[in-house]
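Open your viewer and get your selection tool ready. We will go from stop to stop, choosing something to select and then looking at what is there.

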Amino acid sequence: MDSGSDNRNGNHGVRQPGSATMLPADEHILRATWDFAADAMVVSDRDGVVIAANPAYCELYGYSHEEVVGKSFAIIFPEDDRAQAVELYKETFASPEIAPTVESSILRKDGSTGVVEVSYSFIVENGQRTAMFSQIRDVSQRKQTQRALEAERLRSATIIEAAAEGVYGIDSDGNCTFINPAALEFLGYTASECLGRNKHNLIHYKYPDGSPYPAEQCPICNVLRDGVTRRLVEVTLWHKDGSPLPALCSCAPKIVDGRVVGAIITMVDISERKKAEEERVRLLAIAEEARAVAEQALRAQEEMLLVVSHDLRSPTTVIKGMSQLLQMRIARGIMLDPVQLTSDLTKLIDAANRIDNFLQDLTNGPHIQRGQSFSITPQHVDLVALARNVVASHQPRTDRHKLMIEAQSPELFGYWDPARLEQVLDNLISNAVKYSPQGGVVKISIGYEKGSFTQETDEASDGQTEGGVAVLTVEDEGMGIPADDLPHVFELYRRGANVRGVIGGTGVGLAGAQQLVEQHGGRITVASQEGVGSTFTVLLPRGSSNADAQQEP
Ligand code: ADP
């Protein structure tokens with residue numbers, strides 16, 4: 001008998017057990033394979049009647065051997081589908097074509113369902129197909145896993161698609177494999193402009209300072225090399241339009257069979273956070289500066305109060321001592337020499353004046369510190385006469401200094417507050433005397449300049465400057481001001497290093513003088529060299545009769 005097989009490969013067919021060519025050993029092998037195969041196997045004749053079914057077949061469908069063998073294979077289909085299944089079977093049997101593995105749903109006896117993969121071949125005798133051999137593999141579990149994986153993939157894809165953070169993937173060469181809408185919006189590209197392109201070269205190619213950013217230095221690219229996840233790395237990416245994009249990136253490697261085959265990168269836009277951070281730092285710096293200034297002012301004020309309380313002792317001692325001396329002389333009936341008496345009284349008045357000045361500084365200091373203006377009442381004033389008066393009040397108090405006045409003209413009128421100008425000049429002359437302990441000449445010059453007074457603040461352009469500018473200088477040959485202190489002498493409570501602890505003072509006078517001069521629309525400057533002397537210059541717009549505008553409350 002000529003028997004063989006007809007299958008996809010043209011061999012490995014099942015030969016009928018007990019055929020003439022089968023050896024006993026073959027039969028044993030076949031039997032064992034048949035009985036213990038994990039796959040279901042069935043042999044059916046041309047009408048679809050089952051000739052043989054292995055235990056795995058019975059187990060797969062839930063039928064007993066007897067329920068299957070000798071019956072139509074179609075019992076494994078729902079009743080309604082059986083006729084059609086038989087039709088199809090017959091067509092397959094007759095067709096010269098043999099289909100590759102087919103996937104099909106199954107219905108078990110107990111009503112449960114599953115999915116199988118079926119491959120089949122034919123048993124041929126005398127050139128005729130006599131039976132079909134089918135091998136059926138239960139792939140229900142695999143299918144279920146595949147479906148679960150597919151569902152998971154879809155779920156992840158949906159999450160990535162909808163995520164507010166930018167997400168993109170790269171392959172092992174760093175080329176973009178996917179990118180979500182948030183990343184596209186952040187980077188300003190379309191998907192087609194990104195996919196397949198090297199991401200580092202596209203969006204991370206330079207440092208914030210503009211220098212090139214080699215991929216070897218990039219923490220994201222390095223994940224491809226070492227497979228180590230990077231979390232929340234602060235980077236600057238580049239928008240399509242070239243603008244910088246501060247971002248926090250995390251990058252996880254995609255590892256297959258122990259090899260890094262790509263990476264997934266997430267990124268969060270932190271430009272707002274950056275801006276807020278910069279603003280916070282800026283405000284902190286301002287607050288810190290303000291605190292330092294306030295602290296410095298407080299320290300200076302405390303220092304000043306200490307100095308003042310110390311310095312006040314000397315005039316009060318003078319007043320006390322001299323008054324007691326006079327009292328004693330009178331009590332003892334000692335005749336008072338008028339010259340001596342005049343000199344003593346002058347000293348008493350001087351001491352009282354010094355106390356008065358200290359008290360004035362104590363009031364003016366906080367006033368200036370609060371940024372309050374002084375009251376100014378401008379009048380038609382002759383600066384030359386005013387200066388002569390102030391000089392006259394100072395000269396008798398010193399015999400070591402020679403106070404000289406040089407006036408460009410016998411009179412120089414302007415609209416100023418005389419009491420306030422006296423205060424300014426008084427401060428400049430007493431400083432010139434006080435800070436020339438060795439004595440010397442103190443020269444007061446008064447002149448004027450034609451034209452308008454130009455100040456850095458722009459008040460020059462108003463009508464108050466029609467009369468030109470008065471120029472008043474006070475020059476001494478005293479100890480001068482150290483270069484480091486020179487820019488600060490007009491600051492409240494600031495005193496030169498060469499006078500602190502040596503000569504009494506409060507550091508208030510010049511700050512007050514500057515404020516008064518500026519309230520007159522003028523400017524005060526100083527030139528000085530330590531050990532040589534100082535020159536203070538006051539520029540005062542002469543103003544006009546409409547100078548009422550300068551009045552302060
Ligand atoms: P005070 O004289 O009470 O200390 P001022 O505000 O009048 O306060 O002066 C501030 C500082 O400027 C002085 O402490 C001193 O260091 C310096 N200064 C002012 N005038 C002169 C001057 N003519 N010569 C040298 N130093 C001066």
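The tour begins at the ligand and then moves on to a few helices. Keep in mind along the way that this is a predicted model.

**Stop 1: the ligand and its shell**

Select the ligand and expand the selection to the residues around it. You should pick up 21 residues, and the closest are Tyr-435, Arg-495, Gly-496, Thr-506 and Leu-510. Colour this shell by class and you will find eight nonpolar, nine polar and four charged residues.

**Stop 2: three side chains facing ligand oxygens**

Now show the side chain of Arg-495, where an N or O atom is 2.5 Å from an oxygen atom of the ligand. Next comes Asn-431, with a side-chain N or O atom 2.8 Å from a ligand oxygen. Then add Lys-434, whose side chain has an N or O atom 3.2 Å from an oxygen atom of the ligand. How much of the ligand's own accessible area does the protein cover? Of the 520 Å² that the ligand has on its own, 99% is covered by the protein.

**Stop 3: the elements behind the shell**

Switch to a cartoon view and highlight α14 (418–434), α15 (509–519) and β18 (533–541), the elements that each give two or more residues to the shell. The top contributor is α14, with four residues.

Stay with α15 for a moment and select Leu-516, which lies in this helix. Is Leu-516 buried or exposed? Its relative accessibility is 2%, so Leu-516 counts as buried. Draw a C-alpha to C-alpha distance from Leu-516 to Ile-319: the two are 197 residues apart in sequence and 31 Å apart in space.

**Stop 4: helix α11**

Select residues 313–331, which form helix α11. With 19 residues at 1.5 Å a residue, α11 should span 27 Å, and its end C-alpha atoms are 26 Å apart, which agrees. Show Pro-315, Met-322 and Leu-326, which are buried in α11. They sit on the same side of α11 because they cover an arc of only 40° around the axis. Turn to the face away from that buried side, and you will meet the exposed residues Arg-313, Thr-317, Lys-320, Gln-327 and Ala-331.

**Stop 5: helix α12**

Finish by selecting residues 338–369, helix α12, and pick out Asn-353 within it. Asn-353 has a relative accessible area of 28%, so it is partly exposed. For a last distance, join the C-alpha atoms of Asn-353 and His-367: they are 14 residues apart along the chain and separated by 21 Å.

Key:
Residues numbered from 1 in each chain as written. Predicted model: local features only at pLDDT ≥ 70, side-chain atom pairs only at ≥ 80, totals over all residues. Heavy atoms only, no water. Near = heavy atom within 4 Å. Polar contact = N/O pair within 3.5 Å; in protein donor to acceptor, adjacent residues only side chain to side chain. Areas by Shrake-Rupley, 256 points an atom, 1.4 Å probe, with all protein chains shown as cover. Nonpolar A, V, L, I, M, F, W, Y, C, P; charged D, E, K, R; others polar. Expected span 1.5 Å × (residues − 1). Buried < 20%, exposed > 50% of the residue type's maximum accessible area, 1.4 Å probe, protein only. Arc of directions from axis to C-beta.
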